[in-house]
Amino acid sequence: MSQDSAAVPDAARKLAARRRREIVAVLLFSGGPIFESSIPLSVFGIDRQDAGVPRYRLLVCAGEDAPLRTTGGLELSAPYGLEAISRAGTVVVPAWRSITQAPPPAALDALRRAHEEGARIVGLCTGAFVLAAAGLLDGRPATTHWMYAPTLAKRYPSVHVDPRELFVDDGDVLTSAGTAAGIDLCLHIVRTDHGADAANALARRLVVPPRRTASDMGHQRYLDRSLPEEIGADPLAEVVAWALEHLHEQFDVETLAARAYMSRRTFDRRFRSLTGSAPLQWLITQRVLQAQRLLETSDYSVDEVAGRCGFRSPVALRGHFRRQLGASPAAYRAAYRARRPQNGGPEPALRPERAERPERERAMLGAGSGERYAAALAGHGLATAEAAEAGKPQSDVYASRLPESPVGRGPGRPVLPGQRERPVG
């Protein structure tokens, strides 16, 4: 992922003399999930030089006092402590045991020192919370498991959280999404260090794809109705539950504010502080997610899906759907059914009247980003009070501050390995 101007000096920091790039330290904590913990151990800790994979030296370090107990009550004994991190050129935090707990101060100090001395710091899945607690994600793009992304965005508002990516490479700080995306990021590190041939050889040994993208594995389908865990104790929880149960109805944020007995301004502020997202964008996202489910599980036409998800026109659905998922509703349905044919038999073709009209969609998407967003909002039937949010990316919190892409790619950010190519504006 491209870096902003503030991040470039950090990424170019020279590695301290006592650190070696081929030495990888993996930081383990008690209570950490064993799958995420095993990923860097398998990628960097096994000698596969016979298969053309350059060798790394692995240091497994305890991030706190023993014993370290992991999934299923297994007890681990790490051969090294935090002092060994001082030799590593790459430090990996596989996962953190609980997003509600603060990491040990000594471990955070070790991570900060390693970063200051030029080491590459990697957070897999909820390991991003440890990096954020150390201040290493401030002002940077990052990702984590989609279920915990709103909590990360709320707790660390200076972090530009994007849960739509499999991983984010910001130079000297890298993060990955949930569980198996850690494999994608570790392969990306090998590819960066030793080239595509080495990464491909390692992928063959691990029997995994050498390079996945979010679109390859339908990553967006896993972005469910995610909200911070603590919302259940908040008075707004009842309003959120009502909204999710009535997505088929046409209502706007003013309706939600009224149900919460709040002014629109107060409701916006409370909702954003709770979820890390503006209420308008959250509502649109939930409608798009509901449209995904109907496209996957029903034979409704796109027009019917739009009506059953609270959009006042199919044009509004198509615009929001493409912005969030990078494809039209019809294309998404076709791709989904190609991956998962029903009953093992061939999928019936859609009736002609259910087909998309590409020329109309191209005409709509040919307008400027702000115009498209405003037009789609109008089609959604939202009051003009929302116009102030028109033209924004999907969320103030989730949107990374990135430069324009190279000539020929169009608006949006450049695509890196592990990231899907999609519009963000």
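## Salt bridges, ring pairs and buried helices

Arg205 and Asp50 make a salt bridge, with 3.6 Å between the closest N and O atoms. The two sit in distant parts of the chain, 155 residues apart: Arg205 belongs to helix α7 (residues 196-206), and Asp50 to the loop between α2 and β2. Keep in mind that this is a predicted model. Here's a quick tour of its charged contacts, its aromatic pairs, two well-covered helices and a nonpolar surface patch.

**Salt bridges**

- The structure has 14 salt bridges in total, and the Arg205–Asp50 pair is one of them.
- On the accessibility side, Arg205 comes out at 42%, so it counts as partly exposed. Asp50 has a relative accessible area of 67% and is exposed.
- Glu75 and Arg69 also meet through their side chains, in a salt bridge of 3.5 Å from N to O. Glu75 is exposed at 53% relative accessible area, while Arg69, at 44%, counts as partly exposed.
- Arg120 pairs with Asp193, and here the closest N and O atoms are 2.9 Å apart. Since Arg120 is in strand β6 (residues 120-123) and Asp193 in helix α6, this salt bridge ties together parts that are 73 residues apart in sequence.
- Arg120 counts as buried because its relative accessibility is 9%, under the 20% cut-off. Asp193, with a relative accessible area of 25%, is partly exposed.
- There's a network too: Arg18, Arg19 and Glu117 are joined by salt bridges that share partners.

**Aromatic contacts**

- Searching the whole structure turns up seven aromatic pairs.
- One of these is Phe44 with Tyr56, an edge-to-face pair with 4.9 Å from centre to centre and 80° between the planes. Phe44 is in helix α2 and Tyr56 in the loop between α2 and β2 (57-62), so to speak a link between distant parts of the chain, 12 residues apart. Both residues of this pair, Phe44 and Tyr56, are buried.
- Phe321 and Tyr332 have ring centres 5.5 Å apart and planes at 70°, so this pair is edge-to-face as well. Phe321 sits in helix α13 (residues 314-325) and Tyr332 in helix α14 (residues 329-339), so the contact ties together parts 11 residues apart in sequence. Phe321 and Tyr332 are both buried.
- Phe267, Phe271 and Trp282 form a cluster linked by ring pairs.
- For a charge-over-ring contact, look at Arg287: its charged end sits over the ring of Phe251, 4.7 Å from the ring centre.

**Covered helices**

- Helix α6 (residues 181-194), home of Asp193, has 14 residues and spans 20 Å from first C-alpha to last, close to the 20 Å expected at 1.5 Å a residue.
- α6 is mostly covered, with 11 of its 14 residues buried. Among them are the charged-type side chains' owners Asp184 and Arg191, along with His188 and Cys186.
- Helix α8 (residues 236-245) has seven of its 10 residues buried, so the rest of the structure largely encloses it. The buried ones are Leu236, Ala237, Val239, Val240, Trp242, Ala243 and Leu244.

**Nonpolar surface patch**

- Which residues form a nonpolar patch on the surface? Ile34, Phe35 and Leu74 do, with about 250 Å² of accessible area together.
- Phe35 lies in helix α2 (residues 34-45) and counts as partly exposed because its relative accessibility is 41%.

Conventions. Residues numbered from 1 in each chain as written. Heavy atoms only, no water. Buried < 20%, exposed > 50% of the residue type's maximum accessible area, 1.4 Å probe, protein only. Helix = DSSP H or I, 4+ residues; strand = E, 2+ residues; numbered from the N terminus. Patch = residues over 30% accessible without salt bridge, like charges linked within 9 Å, V, L, I, M, F, W, Y side chains within 5 Å. Areas by Shrake-Rupley, 256 points an atom, 1.4 Å probe, with all protein chains shown as cover. Salt bridge = Lys/Arg side-chain N within 4 Å of Asp/Glu carboxyl O. Phe/Tyr/Trp six-rings, centres within 6.5 Å; stacked < 30°, edge-to-face > 60°. Lys NZ or Arg CZ within 6 Å of the ring centre and 35° of its normal. Expected span 1.5 Å × (residues − 1).
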